[in-house]
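Me: Could you take me on a close walk through one part of this protein? I would like to look at a single strand, along with whatever sits around it.

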Amino acid sequence: MPTIDPRRLLVLRAFVLSDSVTATAAALHLTPSAVSQQLAALEREVGHALVVRTGRKLALTPAGRILADHAEEISSRLKMAEADLAAHAGGVLGQLRIGAFPTAINWVVAPAIVELRRQAPGVDVTVVDAEAHMSHRMLMRGDIDVTVSLEYESDPERDSPDIAKFPLYIERFKAVLPHGHPLAGEDGIELTQLTADGWIMPSPGNPCRTMVLQACAEVGFHPPITHVSDDYRAALALVAAGAGICLVPESALSARDADWVTVLPTRGIAPLRKVIMTTRRDNQGHPVVRAGLEAMRAALAAPDAEIYGPLARSDTFSVE
């Protein structure tokens with residue numbers, strides 16, 4: 001019977017999640033050569049080829065897939081062991097890595113850090129600025145522990161059984177127009193009134209761009225895109241310069257924006273941004289992760305947004 005080094009199984013699991021030796025090395029803080037050596041040593045231990053070259057990439061063999069499933073289970077059990085030991089210690093102590101998009105950092109994550117300093121001073125928080133379409137990949141690779149991200153149809157991890165989701169809030173997009181726009185005096189606006197304008201959009205791949213385009217398609221038009229920026233402050237500056245119009249989530253706007261652009265509520269069909277927290281399902285019971293999730297829910301202050309019901313406060317979070 002072969003003796004399998006569990007540490008090499010975790011390297012195999014990281015390879016599956018990262019999909020390349022180079023990305024695996026970066027995730028594990030190793031050199032690509034060291035990763036290749038670990039995989040080769042694992043193959044010798046089990047007596048089977050685990051990876052095979054297909055073109056320029058390496059892929060798992062059938063034996064590799066079998067072992068990768070066991071590696072995933074072992075990783076999950078280790079996470080559970082860490083959670084049980086941390087709970088046994090009777091206190092919350094450790095590092096929490098949070099990936100979030102910029103407005104969520106401002107609106108949810110930063111206030112939660114203040115909350116954690118009061119409730120769990122042993123938690124050391126690291127924040128990574130990550131748009132929603134990147135944060136779930138980072139979560140699955142193990143680069144971060146928790147995300148504040150978006151729920152959207154084209155998310156490749158949307159239905160992953162490995163991810164636990166916790167709703168935070170829903171917010172509607174508002175229309176942002178130059179002060180001199182013919183519709184600037186309206187008290188509300190429908191998307192069909194903006195078909196002749198040039199639009200400022202987030203870049204392709206950004207979920208907010210997808211949400212806006214889907215809403216426009218529902219009312220029968222494709223907006224002419226004249227400028228592209230993922231920075232809402234930059235988009236508002238372009239609007240103020242008369243370069244076009246845009247739709248912006250409520251949380252990305254401030255009262256001071258009315259001094260240089262016109263902000264109007266949208267009526268009828270308009271995009272909605274559903275903001276959620278996520279973590280790996282095998283990690284959701286960890287006391288540090290739980291403390292972070294609870295702090296972000298408690299710190300949330302959204303007077304103009306439609307808020308989901310409160311997060312479950314029990315031994316295990318309820319998954320929506």
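Reply: Happy to. Let's settle on strand S12, residues 272-280, and work outwards from there. Please keep in mind that this is a predicted model.

A little orientation helps before zooming in. The chain has 9 helices and 13 strands, and its C-alpha atoms fill a box of roughly 80 × 50 × 30 Å along the principal axes. Of the 320 residues, 47% are buried. Among contacts with a separation of 6 or more, 74% link residues 24 or more positions apart. Keep that figure in mind, as S12 gives some good examples of partners that are distant in sequence.

How covered is S12 itself? Mostly: 7 of its 9 residues are buried. Two strands that pair with S12 can be picked out. Strand S5 (146-150) runs antiparallel to S12, with 5 bridges between them. Within that pairing, Leu-150 has Val-275 as its bridge partner. Strand S6 (163-177) also pairs with S12 in the antiparallel sense, this time over 9 bridges. Here you can find Phe-166 opposite Met-277 of S12. If you are following the side chains on screen, remember that in a regular strand they alternate between the two faces of the sheet.

Now pick out Thr-279, which is in S12. Its relative accessibility is 0%, so Thr-279 counts as buried. A polar atom of its side chain lies 2.7 Å from the backbone oxygen of Asp-145. Leaving aside residues up to four places away in sequence, Thr-279 touches Leu-139, Asp-145, Val-146, Asp-162, Ile-163, Ala-164, Phe-166, Gln-284 and Val-289. Several of these names will come back: Phe-166 is the residue opposite Met-277, and Val-289 is a buried residue of helix H9.

Following the chain onwards, the loop between S12 and H9 holds Asn-283. With a relative accessible area of 7%, Asn-283 is buried. Apart from residues up to four places away in sequence, it touches Lys-79, Asp-145 and Val-289. Asp-145 and Val-289 are therefore contacts of Asn-283 and also of Thr-279.

Helix H9 comes next, covering residues 287-299. Its 13 residues should span 18 Å at 1.5 Å a residue, and the end C-alpha atoms are indeed 18 Å apart, so the two values agree. H9 is largely enclosed by the rest of the structure, because 11 of its 13 residues are buried. Those buried residues are Pro-287, Val-288, Val-289, Arg-290, Ala-291, Gly-292, Leu-293, Ala-295, Met-296, Arg-297 and Ala-299. Notice that Arg-290 and Arg-297 are on that list.

Let's go back to the S5 side for a contrast. Between S5 and S6 there is a loop, and Glu-153 sits in it. Is Glu-153 buried or exposed? Its relative accessible area is 60%, so Glu-153 is exposed. Setting aside residues up to four places away in sequence, Glu-153 touches Arg-158 and Gln-214. Its C-alpha atom is 9.1 Å from that of Met-211, a residue 58 places away along the chain.

From S6 we can also look back to the stretch of chain that precedes S12. Leu-264 lies in strand S11 (residues 262-267), and with 4% relative accessibility it counts as buried. Its C-alpha atom is 6.4 Å from that of Val-176, although 88 residues separate the two in sequence. Beyond residues up to four places away in sequence, Leu-264 touches Lys-174, Ala-175, Leu-177, Leu-183, Ala-184, Glu-186 and Ile-189.

To put the picture together, S12 is a mostly covered strand with antiparallel pairings to S5 and S6. Its residue Thr-279 touches Val-289, which is one of the buried residues of H9. The loop residue Asn-283, between S12 and H9, touches Val-289 too. As you turn the model, Thr-279 and the backbone oxygen of Asp-145 make a handy place to start, with 2.7 Å between that oxygen and the side-chain polar atom.

Technical notes
Residues numbered from 1 in each chain as written. Predicted model: local features only at pLDDT ≥ 70, side-chain atom pairs only at ≥ 80, totals over all residues. Heavy atoms only, no water. Helix = DSSP H or I, 4+ residues; strand = E, 2+ residues; numbered from the N terminus. Expected span 1.5 Å × (residues − 1). Buried < 20%, exposed > 50% of the residue type's maximum accessible area, 1.4 Å probe, protein only. Polar contact = N/O pair within 3.5 Å; in protein donor to acceptor, adjacent residues only side chain to side chain. Contact = heavy atoms within 4.5 Å. Pairing = 2+ DSSP bridges.
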